Amino acid sequence: MDRVIIFDTTLRDGEQAAGGMLNIQEKLEIARQLEKLGVDVIEAGFPISSPGDFEAVKLIATEVRTPVICALARAHPNDIDRAWESVKHAERPRIHVFLSASDIHRVHQLKKSRREILQTSRDMVARAKTYTQDVEFSPMDASRTEPEYIYQILEAVIAAGATTVNIPDTVGYAIPHEFGTLIGGIFKNVSNIGQAVVSIHCHNDLGLAVANSLESLKQGARQVECTINGIGERAGNASLEEIVMAIKTREDLFQLTTNIDTRQIYRTSRLVSEVTGFPVQPNKAVVGANAFSHQSGIHQDGVIKMPITYEIMDPKDVGVPASSLVLGKLSGRHAFKERLAELGYSLSEDDFNRAFAAFKELADKKKRITHKDIESLIAEEKRTASETYHLDRVQVTCGDRGIPTAAVRLVGPDGKVLADAALGTGPVDAVYKAINRLVGVTNVLTEFTVKSVTEGIDAIGEVLIRVESDGITYTGRGADTDIIVASAKAYMNALNRLLAAKKAG
Ligand code: KIV
Ligand code: ZN
């Protein structure tokens, strides 16, 4: 069976999603998990776009050794040189050059002739090739480009040394049969196509990114570009977990394999959701909370008798933890450690000790601790590990007759303790105003949502907020059994991320 190369672009196209900005440590953590998942290529970023992105790609290239590490570059000499600087220490570096090919982009955006685009594509691939053997080229907006012109460009860039040619459906415009025909046409009409891997990169504007990708695999494409949870520019990219599980579940049809350790899918999905702040919709295929939960009596009856009646995938194959295993007040270090391992966490001794202390504290407030509580707890611990300001205490008074009032105490840089109080229109407003008086960073709150992690009155509440500062959106998350405390933690998380991003430039 042929193997499909899984090219993950969560850290590049995924990060382009509005509000998805990640810091360098978060990117490294995701890259390490992608390596565990078994992706073949990690597109780690777009180094010319900012010094922070450059540093992140460089760090990932140095630390993550198994997959190919790829850096994106426009078809400009400076971009390509910068991309190389960032990936040159990778075990297997790749430069990915792109240039728009469609008349729509050429006429309205680039104002260049077809001849110029062809020449630049060829020249820039040749430049990248002076640095590394592994060069990928993408004619952007390919699905809205005349196929004959795409054939011409591909032939030229392969002759110049491109080893992968990627066909992007940049605006998610294509329909499966049509996109498959384009890929099939490439195999028939590009004379040197045998010297390169054909890749696809599909966006989800019409909800067809996965369908278009699978159709292309049937036509012979052997690299698929995708992201965890399908995050990405606008409506996102093709979702890695859906493509991989479609190939595995319908092996009879595709006759293809991947290198992915599917049992790492759930953990990777949770991690990406935690750090980006993009929740996974409950009905999301493969990784949604309801993906393996059966509500109808007939279905439940069938699954009890024989899972295959209504389940086409075994939840264990994607690493979904068994929800029946519950911890409580009497569970010790050993049971907690085992549960963490089952959930795919491997913590350092210090992190484990902090997580265990937080678990014990939670167990005093909540009787049954499920895997969702543990995930929330570990995420909260991670968020507070690298803060500039730490929320030490928060206290509010409120009610239908009282004036909402909040007092907060923070521990700032160099351990300095800061305290203040404020009035607000409600308890959360009062808390945020009190924090603002201490931290003093101008921002606007653009989103605030609260949800409970599990059912029950003693459930952990998770707060997700987004704040905007200088046109950039920062996400913050906080979790606690008290939702006012969770709101305060989420705000601190967003402010700390904002401060770190400003510091990194
Ligand atoms: O969507 C797109 O066309 C891209 C390219 C850079 C491959 O992301
Ligand atoms: Zn894209």
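This report walks through a predicted model, starting at its zinc ion and moving outward to ligand 1, the salt bridges and a few individual residues.

## The zinc site

A good place to begin is the zinc ion (ligand 2). Which residues are its protein donors? They are Asp13, through OD, and His201 and His203, each through NE2. These donors lie 2.0 to 2.1 Å from the zinc ion. Along the sequence, their spacing reads D-x187-H-x1-H. Asp13 and His201 therefore link distant parts of the chain, since they are 188 residues apart. Asp13 sits in the loop between strand 2 (5-8) and helix 1 (24-37), while His201 belongs to strand 8 (residues 197-202).

Are these two residues buried or exposed? Asp13 is buried, with a relative accessible area of 2%. His201 is buried as well, at 5%. Residues count as buried when their relative accessible area is under 20%, and that cut-off is useful to keep in mind for the sections below.

## Around ligand 1

The zinc donors turn up again when you look at ligand 1. Its surroundings consist of Arg12, Asp13, His96, Phe98, Ser138, Met140, Asn166, Pro168, Thr170, His201 and His203. Sorted by class, this shell has three nonpolar, six polar and two charged residues.

Three side chains can be followed to oxygen atoms of ligand 1. For Thr170, a polar side-chain atom lies 2.7 Å from an oxygen atom of the ligand. In the case of His203, the distance from a side-chain N or O atom to a ligand oxygen is 3.0 Å. For Asp13, the corresponding distance is 3.1 Å. How much of ligand 1 does the protein bury? On its own, ligand 1 exposes 260 Å², and the protein buries 94% of that. Strand 5 (93-100), strand 6 (135-140) and strand 7 (164-169) are the elements that give two or more residues to the shell.

## Salt bridges across the structure

Side chains of opposite charge can pair when their charged atoms come close. How many salt bridges does a search of the whole structure find? The search finds 43. One of them joins the side chains of Arg65 and Glu91, with N and O 3.1 Å apart. Arg65 lies in the loop between helix 2 (51-63) and strand 4 (68-74), and Glu91 in the loop between helix 3 (77-87) and strand 5, so this pair ties together parts that are 26 residues apart in sequence. Arg65 is partly exposed, with a relative accessible area of 33%. Another salt bridge connects Asp79 with Arg74, and their closest N and O atoms are 2.9 Å apart. Here Asp79 is buried at 2% relative accessible area, whereas Arg74 is partly exposed at 35%.

Next comes the pair of Glu241 and Lys284, whose closest N and O atoms are 2.9 Å apart. Glu241 is in helix 9 (residues 240-249) and Lys284 is in the loop between helix 11 (265-276) and helix 12 (297-305), so the salt bridge ties together parts that are 43 residues apart in sequence. Glu241 counts as buried at 1% relative accessibility, and Lys284 counts as buried at 8%. Elsewhere, Glu29, Arg267, Glu274 and Lys382 are joined into one network by salt bridges that share partners.

## Two residues with positive phi

Which residue in the loop after strand 6 is worth a look for its backbone? Asp141 lies in the loop between strand 6 and helix 6 (147-159). Its phi is near 60°, a positive value in a residue other than glycine. At 0% relative accessibility, Asp141 counts as buried.

Gln255 also has a positive phi, near 55°, and is likewise a residue other than glycine. You can find Gln255 in the loop between helix 10 (251-254) and strand 10 (256-257). Gln255 is partly exposed, with a relative accessible area of 45%.

## A sense of distance

To finish, try locating Leu28 in helix 1. Leu28 is buried, with a relative accessible area of 6%. From there, look across to Glu178: the two residues are 150 residues apart in sequence, and their C-alpha atoms are 38 Å apart in space.

Definitions and conventions. Residues are numbered from 1 along each chain as its sequence is written. Chains are lettered from A and ligands numbered from 1 in the order in which they are written. This is a predicted model: local features need pLDDT of at least 70, side-chain atom pairs count only at pLDDT 80 or more; totals for chains, interfaces and linings use all residues. Side-chain values use heavy atoms; hydrogens and water are left out. Donors are N, O and S atoms within 2.8 Å of the metal (3.2 Å for Na, K and Ca); water is not among the atoms, so sites may look incomplete. Helices (H or I, at least four residues) and strands (E, at least two) are DSSP runs, numbered from the N terminus. Buried means under 20% relative accessible area, exposed over 50%, partly exposed in between (1.4 Å probe, protein chains only). A residue is near a molecule or strand if one of its heavy atoms lies within 4 Å of it. A polar contact is a pair of N or O atoms within 3.5 Å; within protein, one must be able to donate a hydrogen and the other to accept it, and residues adjacent in sequence count only if both atoms are side-chain atoms. Accessible areas come from the Shrake-Rupley method with a 1.4 Å probe; for residues, only the protein chains shown count as cover. Ala, Val, Leu, Ile, Met, Phe, Trp, Tyr, Cys and Pro count as nonpolar, Asp, Glu, Lys and Arg as charged, and the others, Gly among them, as polar. A salt bridge is a side-chain nitrogen of Lys or Arg within 4 Å of a carboxyl oxygen of Asp or Glu.
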